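Let's take a walk through this one, starting with the whole chain and then moving in on a few local spots. Keep the viewer open as you read.

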Amino acid sequence: METQLEQVYDQVLRRNPGESEFHQAVREVFESLGPVLTKHPQYVDAAVLERICEPERQIIFRVPWVDDAGRVQINRGFRVEFNSALGPYKGGLRFHPSVYLGIVKFLGFEQIFKNSLSGMPIGGAKGGSDFDPRGRSDGEVMRFCQAFMTELYRHLGEYTDVPAGDIGVGGREIGYLFGQYKRITNRYESGVLTGKGVTWGGSLVRTEATGYGTVMFTERMLGTRNESFDGQRVVISGSGNVAIFAVEKAQQLGARVVAFSDSSGYVVDEAGVDLDLLKAVKLDERGRAKDYVARRPGSRLVEDGSIWDIPCDIALPCATQNELTVDDARSLLSHGVRAVAEGANMPTTPEAVRLLQESGVLFGPGKAANAGGVATSALEMQQNASRDAWDFAYTEERLAEIMSGIHDRCAGTADEYGRPGDYVLGANIAGFTKVADAMLALGVI
Ligand code: NAP
């Protein structure tokens, strides 16, 4: 990293102690930016780097609620409104026991560049809580969501900040959050949350969009080498919103998905994952990996070890951050992996990314590959604003166009900076310059 960038990075370390995921996300972007600063010294003069690393607003709040046994529970809520140079703050909410300020900042920081790359007029934010919805009744989840929104609502608005889902926040949680927002404000303000149900303001394809988009992006990368998903062995980690619809789209394109996972282990299904069963277990019953195996002859559950030891042509990490390490990358390479694309945010450690890229593997970074979700959220906002509802085929076509555009922006920028095929550099530079130019135009604010 160049001296100017090192200095700002040191300042980020000092100002945000103990937030290792945030540090990692900043470093990953900064490692691409050297040539940009040489070409555009105005960014340095206007302290764009210092400004872009400091969230515009950080909200931390108490979330008190009552569980089914009548006990008072206290969780911590977060919303980091990172950057609104391109539009209202936009980014999901994560409910998971590991959530703390450093995770929310890493996700919010990534979101700035992802949203910029998507070509949609949205700024970057992220939020969440250390609440764990797993094992909680619907009533408990509802009371938690109501308590969470009772504080957060005052910071939201269709022109201000528009949250969506992430880990632990799906259609059920968005429903409870929207219901409470509506009750408190007495406004049916559809544009204040995305990921809504299709009968009450949601967009078709939003549920599928992140997983579908990740596969569409990967298909475009493969196309640059005259390859495709057709006939390939694919491994996809996770079995949540992103993973399930990545499985669906990969299968539609003719691939055989042979493994998926959750936090209890990974499932190998050499015959190809039974998508209907996976959806029934994970979406309808909120079950575990073992429930799939119990009903699927020939499949097996591995409770320890790494899913990346399963040989594949294409690997799609779709669970969580830092889940694919340098050892995993070595294992994938030893089995001849040809493409890796991040459905999750920052699932591949920096050393693993470096090794995969140096070995000539096509590598799609999350801020490009998984941008289909937030892009479709922006399409949901468009439909809400015009009081319209588009059909599935049209919306999916828009998503495919957006993913193609993101791919081409990354590839074109990598070419322009003399690093053809480097999607990490392309995504970081293309995402950054658009936000930086808007920040310059808006003055010191
Ligand atoms: P989700 O529906 O809650 O599913 C998450 C999946 O990952 C579950 O199978 C979960 O297993 C597994 N998982 C989570 N934390 C884990 C951990 N620490 N160790 C092992 N497995 C873990 O969430 P999602 O929406 O699919 O999000 C997955 C990733 O995609 C996240 O990185 C998220 O930030 C990113 N992303 C999501 C969207 C979106 O539209 N939803 C958009 C862009 C990026 P358990 O159920 O056992 O915990």
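What percentage of the 445 residues of the protein count as buried? The figure is 58%. Bear in mind as we go that this is a predicted model.

Let's stay with the overall picture for a moment. The secondary structure comes to 17 helices and twelve strands. With a radius of gyration of 21 Å, close to the 22 Å that the globule rule gives for 445 residues, the protein is as compact as a globular protein of that length. If you line the C-alpha trace up on its principal axes, the spans come out at about 65 × 55 × 45 Å. The outside amounts to about 17100 Å² of exposed area, and carbon and sulfur atoms supply 49% of that. As for contacts at a separation of 6 or more, 72% of them are between residues 24 or more positions apart.

Now for the domains. The protein is divided into domain 1, covering 3–189, and domain 2, covering 209–364. Their C-alpha centres lie 26 Å apart. Where the two meet, domain 1 puts in 14 residues and domain 2 puts in 13 residues.

The interior is a good next stop. The largest nonpolar core has 57 residues, and the members that touch the most others are Phe 229, Ile 236, Tyr 292, Leu 316 and Ile 406. Both domain 1 and domain 2 supply at least three residues to this core. A second, separate core has 40 residues, among them Phe 78, Leu 86, Ile 112 and Ile 429.

Ile 236 is worth zooming in on. Ile 236 belongs to strand E6 (residues 233–236), where it points one way together with Val 234, while Arg 233 and Val 235 point the other way. Every one of those four is buried, the arginine included. Beyond its neighbours within four places in sequence, Ile 236 is in contact with a list of residues that includes Ala 243, Val 247, Val 257, Phe 260, Ile 307, Leu 316 and Cys 318. Strand E6 runs parallel to strand E7 (residues 256–262), with three bridges joining the two. Within that pairing, Val 234 has Val 257 as its bridge partner.

Over in domain 1, which covers 3–189, there's more strand pairing to look at. Strand E1 (residues 57–66) runs antiparallel to E2, and ten bridges join them. Ile 59 has Arg 79 as its bridge partner in E2. The two strands form a hairpin with five residues between them, and Gly 70 in the turn has a positive phi of about 85 degrees.

Follow E2 (72–83) onwards and you reach the loop that leads to strand E3 (89–95), which is where Ala 85 is found. Is Ala 85 buried or exposed? Its relative accessible area is 17%, so Ala 85 is buried, given that the cut-off for buried is under 20%. Leaving aside neighbours within four places in sequence, the residues in contact with Ala 85 are Glu 56, Val 435, Ala 438, Met 439 and Leu 442. Pro 121 sits 36 residues away in sequence, yet its C-alpha is 9.2 Å from that of Ala 85.

E3 in turn pairs with E5 in the parallel sense, over four bridges. Lys 90 stands opposite Val 162 there. Strand E5 (residues 161–164) is covered on both faces: Asp 161 and Pro 163 are on one side, Val 162 and Ala 164 are on the other, and all are buried.

A couple of backbone oddities come next. Most residues other than glycine have a negative phi. Against that background, have a look at Arg 286, whose phi is positive, near 50 degrees. Arg 286 is in the loop between helix H10 (275–284) and helix H11 (289–294). Met 346 also has a positive phi, near 50 degrees, and is found in the loop between strand E11 (339–341) and helix H13 (350–358). Met 346 has a relative accessibility of 7%, so it counts as buried.

Last stop: Gln 383, in helix H15 (residues 372–385). Why does Gln 383 count as buried? Because its relative accessibility is 3%, and buried means under 20%. Not counting residues up to four places away in sequence, Gln 383 touches Ser 203, Asp 388, Ala 389 and Trp 390.

Technical notes: Residues are numbered from 1 along each chain as its sequence is written. This is a predicted model: local features need pLDDT of at least 70, side-chain atom pairs count only at pLDDT 80 or more; totals for chains, interfaces and linings use all residues. Side-chain values use heavy atoms; hydrogens and water are left out. A nonpolar core is a set of buried Ala, Val, Leu, Ile, Met, Phe, Trp, Tyr and Cys residues joined through side-chain atoms within 4.5 Å. Buried means under 20% relative accessible area, exposed over 50%, partly exposed in between (1.4 Å probe, protein chains only). Domain bounds come from an automatic or database domain assignment. Contact means heavy atoms within 4.5 Å. The radius of gyration is taken over C-alpha atoms; the globule rule is 2.2 Å times the number of residues to the power 0.38. Accessible areas come from the Shrake-Rupley method with a 1.4 Å probe; for residues, only the protein chains shown count as cover. Two strands pair if DSSP finds at least two bridges between them.
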